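Hi,

Here is the structure I promised to pass on. Please have a look at it first, and then read my notes below.

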Amino acid sequence: MVTPLSTPSHPLLTQECRQFLAELHAAFDARRLALLAARREQQTLYDNGATPAFPDDSMASNPDWRVTSTPPDLQDRRVEITGPPSRKMLINALNAGAKTFMACLEDATSPSWHNVMDSQQNLHDAVHRTIAFEDPSSGKQYQLRTDTESLAALIVRPRGWHLHESHASTAEGTSMSGSLFDFGVYLFHNGQRALQNGSGPYFYLPKIEHHQEARLWADVFAFAEQYLHLPAQSIKATVLIETLPAAFHAEDILYQLRAYIVGLNCGRWDYIFSYIKVFRRHPDRILPDRSAVTMTVPFMRAYCLHVIDVCHRRGAHAIGGMAAQIPVRGDEAANAEAFARVRADKTREVTDGHDGTWVAHPGLVPVAMEVFDAHMPTPNQINRTPNTAPAVTAEALTTACDGAKTLAGLRTNIEVGITYLAAWLGGLGAVPIHHLMEDAATAEICRSQLWQWRVNSVTLDGGVTPRDSVTPRDDSVTQVDDTLLRTEIEAFTAALQAKLGNDAYAAQHYVDATALFTDMVFADTPPDFLTIPAYNRFLAAAE
C-alpha cells in the first residue's frame, strides 16, 4: 500500500484524501515527467529550426467516431465567466447569469499554500451550498442564489502538468504534481456531491502540447472514477487549445479523451505566448506588439476556425476566447468603447461558429449573452461547420502576422510584466491593469516577446523616442538590445518608485518582481513558464 502524502494540516487533507493523492502520484507521475522531458526535447528541435507538424501517429483519422455524451448543464455554454476561486469572486461568478464558471487554479491564481487550500475550501463550500462571504470593508453579505438552477455550472481548472506542489510530498521527499493535487483534492471531496446536485465533476485542462498528455488525463480520470466509486465517464473535461503544438494535435486530443471530453477552448493569450516560445529563435516568425495580434490576423483566425471545425466534426463544443476588458468606472466614453470591443469580438466568434465564449467580469456577462442570444437561438451550434476552404494548413497556423514593433509596445511589456509579477508574488493571480484583466498568460507574452526581440535584434518601427527621465538616445538607434532594455526597465521602476515611495515600493514586491522579470528577459535560455521561477521565490521566501 502506498504511504499517504505528507502535507501541512488542513481540514480537507484527511488521511483518506492524502492516500488518494499518493495513489495518483504513484500511478501517474513517472509518465508526467517523461512527457515533460519530451516537451523539452521538442523545444530544442524548434530552437534548431523545426516547426510544428500534424502528428504522424494520428489515431483520429477514422471518420466515424465522435465524443461521448455531454451532460445537460454543459449543453449550453454560450457565456462562461472565468477567474480565481476567491470566496467573493466565486459567489459573484456563480450568480452572474453565465452558463458556467471556470474557477482557475492556474493562470489566475498565485499558488501560495494559503491560496491553494483557501481555493479548495471555497470550491468545497460552493459545491456543498454552504458558501457565504462578508466583505470586511463594507459589511456587505454575499451568498448563492436560492434558485440553484440559475447558478453557473462549476468547472475547475487545475494547474498544468509542468507545475508541482511542494507542500505535498512522498515519504522520499518527492513533490507531487500540482495538476494532480488540484484535481485530486477537488474530486475527492466534491465529485459525488456535484453529481447529487444534478451536475458533475467538470474540469478545464490547461497547457497541453501533445495528444499523449491528453491520454494521460484520460487514464487519470478512469483511475479516479474507479477508486472513488464514481460512475464511469462522469468526469467531463474541456481542453484549452492554448499552445501552438496543441493546435496541430487538436483532433487527436479529442480522440484520446473521447470518453470524457465535451469541448475545446481557444485560449488566445497563452496561444500567442506559445507561438512566441516555439519560434523564439526563428527571426522570420517574430510577432508585432501584442495589441496588433488580434483574433482577426490570419494565423489567429486559422487557429480558431480549425478548432471549430475539429470540434463540430466530432460532436464537441468549440468555446471562444477571453474578453479581457472590464467595466471602466467613472468614464462613460471609455466604458462604451470597451463594451463595443467586446460586442465586436463576440459577434465574430458566434458568427464563425463558436458555441460559447469567455468573459472576465460579471459586468460583461449580459453584453456577451446578448450577442450570442441574437445569433445562436439554439443551445449550441455543434451541427454547424465553418464556411472555410479545405482543412487548415501548417503554413496558415505558423505564418507570423504583420504589424508594428514599437517602443510603446516594448514599454507596455515592461509595465505589464513587472506589475503583474509584483501582484503575483503578493498573492494575486488576476490583476486589472489599464482596464484589462491580466493573468499569467499575458505576463508570459510580455517577458517572452522582449527576450525574442532582444535575441533577434529586432528593429523597432518609428525609432526610439527619448524619455525626459532617461539619458536621451539618438532617434536613429532603433534596434532592441541589452542597453535599450535595461534603460527602459530602470526608467519604469525608477518612476514607479518615485510615485509610490520607497516603503510602498518595497512592500509591494516590485524589487523581486523586477529582478525576476529581468532575469527572464536576459537569460541565455528562458524558463518554459514564468510561474516556475516565480514559485521558487515563494518557497525561498518561506524558508
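Let me start at V293, which sits in the loop between α8 (268–278) and α9 (298–313); helices (H or I, at least four residues) and strands (E, at least two) are DSSP runs, numbered from the N terminus. This is a predicted model, in which local features need pLDDT of at least 70 and side-chain atom pairs count only at pLDDT 80 or more, while totals for chains, interfaces and linings use all residues. Residues are numbered from 1 along each chain as its sequence is written, and side-chain values use heavy atoms, with hydrogens and water left out.

Is V293 buried or exposed? Its relative accessibility is 4%, so V293 counts as buried (buried is under 20% relative accessible area, exposed over 50%, partly exposed in between, with a 1.4 Å probe and protein chains only). Setting aside neighbours within four places in sequence, V293 is in contact with I272, L287, P288, F299, M300 and C401, where contact means heavy atoms within 4.5 Å. From V293 to Q508 there are 215 residues in sequence and 31 Å in space, C-alpha to C-alpha.

T170 is another loop residue, placed between β6 (164–169) and β7 (175–177). With a relative accessible area of 13%, T170 is buried too. Not counting residues up to four places away in sequence, T170 touches L5 and H25.

Next, helix α5. Its 17 residues (211–227) should span 24 Å at 1.5 Å a residue, and the end C-alpha atoms are indeed 24 Å apart; the expected span is 1.5 Å times one less than the number of residues. The buried residues of α5 are H211, E213, A214, L216, W217, A218, V220, F221, A224 and E225. An α-helix has 3.6 residues a turn, so residues three or four places apart point the same way. Which elements cover the buried residues of α5? They include α1 (15–47), α4 (178–196), β8 (202–205), β9 (236–241) and α7 (250–256). After α5 comes H229, with a positive phi near 60°.

Positive phi also turns up in the loop between β13 (431–433) and β14 (436–438), where H434 is located. Phi of H434 is near 55°, and H434 is not a glycine. H435 is in the loop between β13 and β14 as well, with phi near 65°. H434 is exposed at a relative accessible area of 55%, whereas H435, at 44%, counts as partly exposed.

Now for the protein as a whole. It holds 18 helices and 14 strands, and its C-alpha trace spans about 70 × 55 × 50 Å along the principal axes. The radius of gyration is 23 Å, which agrees with the value near 24 Å for a compact globule of 543 residues (taken over C-alpha atoms; the globule rule is 2.2 Å times the number of residues to the power 0.38). Buried residues make up 59% of the 543. Of the contacts with a separation of 6 or more, 77% are between residues 24 or more positions apart.

The protein exposes about 21,200 Å², with 51% of it supplied by carbon and sulfur atoms (Shrake-Rupley method, 1.4 Å probe). There are 45 positive and 62 negative side chains, and the centres of the two sets lie 3 Å apart. Lys and Arg count as positive and Asp and Glu as negative, leaving out His and the chain ends; each charge is placed at NZ of Lys, CZ of Arg, CG of Asp or CD of Glu.

Best wishes
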